[in-house]
Amino acid sequence: MRLVPKYSALLVAAILVVGVAGCASGTPGGAAGTTGSGASASGPQTLSGTITVFAAASLKGTFTKLASQFEATNPGTKVVLSFAGSSDLVTQISQGAPADVFASADTKNMVKLSDAKLLEGTATNFATNVLEIAVPPANPASITSFADLARPGVRVVVCAPQVPCGAAADTVEKATGATLKPVSEESSVTDVLGKVTSGEADAGLVYVTDVKTAGDKVKGIPFAESDQAVNTYPIATVGSSKNKELAAAFIALVTGSEGKKVLGDAGFGTP
């Protein structure tokens, strides 16, 4: 009969030991399984913070849309966009401008940053673009071909040679043998388009995507020789970025299916 009290005592002791052990293991587990953002270590991480994206001027419409989508999908994030000619952006980054992501309108300018060891990892090609002639809706100079741009008296505007759209124009000139005498060389493709829409130029060499974005403000004149200068667009994380995780997530959006759709709808080709 004394066995009953003995087993009872042992049973109570066992229950107490299990309870204490459970409490002891539960506390550290909860702390280790929670990140600063409130997400489980084994689950998806919550993105937060701000990144600055330096992008070629021809990407303004598409990147503005993608940045809005990114912020909506990731509450607590902010994407600051800065658009300019790719060569100008490279100069700014080289001089220490705070950027997290760089998207160039050509590989040449991206290589400059890569050679200077200013990138995190390697760049990814995400789009292509070709030139098109933009003229005012009435086409007062009766432009119908690339050769027409070389006619005396035609006020043509192009990008400066160091800018991707300017380098592409130079390539087409050499391929066709036509020599242009521009009245102005601009630092970005949007500046060229501005000269045309304001009536300061009879024609301007811009990208197909710029003509599409401008709508009825300009008339586009395609030319066969444009395939001599196809620009490939790369994107990469800047090495000095303070939020490389967020930068990588934005690049994933641009290079992923949603990014391809937005870019394709705007007239960009695939690399």
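In this predicted model, strand S5 (residues 131-135) and strand S8 pair in the antiparallel sense over four bridges. Within that pairing, alanine 134 has glycine 204 of S8 as its bridge partner. S5 and S8 belong to an open sheet of five strands with the order S7-S6-S8-S5-S9 and mixed pairing. Another open sheet of five strands, also with mixed pairing, has the order S2-S1-S3-S10-S4. The model further holds one cavity of 30 Å³ or more, and its largest pocket has a volume of about 220 Å³.

**Sheet S7-S6-S8-S5-S9**

- The strands at the edges of the sheet S7-S6-S8-S5-S9 are S7 and S9 (219-221), each of which pairs on one side only.
- From one strand to the next, the twist in this sheet averages 35°.
- Strand S6 (residues 156-159) has its side chains on two sides: Val156 and Val158 point one way, Val157 and Cys159 point the other way, and all are buried.
- In general, side chains of a regular strand alternate between the two faces of the sheet.
- S6 and S8 (residues 203-207) run parallel and are joined by two bridges.
- Valine 157 of S6 has glycine 204 in S8 as its bridge partner, and glycine 204 is also the bridge partner of alanine 134.
- S6 also runs parallel to S7 (residues 184-186), with three bridges joining the two strands.
- Opposite valine 158 stands glutamate 185 in S7.
- A right-handed β-α-β unit is made by S6, helix H5 (residues 164-176) and S7.

**Sheet S2-S1-S3-S10-S4**

- In the sheet with the order S2-S1-S3-S10-S4, S2 (77-84) and S4 (119-129) stand at the edges with a single partner strand each, so one side of each has no neighbour in the sheet.
- The twist from one strand to the next averages 20° here.
- Strand S1 (residues 49-56) pairs with S2 in the parallel sense over eight bridges.
- Along this pairing, glycine 49 stands opposite threonine 77 in S2, and the bridge partner of isoleucine 51 is valine 79.
- S1 also pairs with S3 (residues 101-103), in the parallel sense and over three bridges.
- The bridge partner of alanine 55 in S3 is alanine 103.
- S1 is largely enclosed by the rest of the structure, because six of its eight residues are buried.
- S1, helix H2 and S2 make a right-handed β-α-β unit.

**Largest pocket**

- The lining of the largest pocket consists of 14 residues, and those that lie nearest its centre are Ser58, Gly61, Thr209, Asp210 and Thr213.
- Three helices each supply at least two residues of this lining: H2 (60-73), H6 (189-197) and H7 (208-214).
- Among contributors to the lining, H7 gives the most, with four residues.
- Sorted by class, the lining of the largest pocket has five nonpolar, six polar and three charged residues.
- H2, one of the helices that line this pocket, is also part of the β-α-β unit with S1 and S2.

**Second largest pocket**

- The second largest pocket has a volume of about 170 Å³.
- It is lined by 14 residues, with Ala97, Pro98, Ala99, Ser240 and Ser241 closest to its centre.
- Six nonpolar, five polar and three charged residues make up the lining of the second largest pocket.

**Largest cavity**

- In general, rolling a probe the size of a water molecule over the atoms shows where empty space is left.
- The largest cavity contains about 60 Å³ of space.
- Its lining is formed by Ala56, Ala57, Ser58, Ala84, Gly85, Ser86, Ala105, Val163, Pro164, Cys165, Val189 and Tyr207.
- By class, this lining has nine nonpolar, three polar and no charged residues.
- Ser58 lines the largest cavity and is also one of the residues nearest the centre of the largest pocket.

Notes. Residues are numbered from 1 along each chain as its sequence is written. This is a predicted model: local features need pLDDT of at least 70, side-chain atom pairs count only at pLDDT 80 or more; totals for chains, interfaces and linings use all residues. Side-chain values use heavy atoms; hydrogens and water are left out. On a 1 Å grid over the protein atoms alone, a cavity is a set of points where a 1.4 Å probe fits but cannot get out, and a pocket is an open set with protein on both sides within 12 Å along at least five of seven lines; lining residues have an atom within 4 Å of a point. Grid points are joined across faces, edges and corners, and a volume is the space filled by probe spheres set on the points. Ala, Val, Leu, Ile, Met, Phe, Trp, Tyr, Cys and Pro count as nonpolar, Asp, Glu, Lys and Arg as charged, and the others, Gly among them, as polar. Buried means under 20% relative accessible area, exposed over 50%, partly exposed in between (1.4 Å probe, protein chains only). Two strands pair if DSSP finds at least two bridges between them. A crossover is right-handed if, with the strands pointing away from the viewer, the path from the first strand over the helix to the second runs clockwise. Axes are lines fitted to C-alpha atoms, for helices over the stretch in contact, and angles run from 0 to 180 degrees between N-to-C directions.
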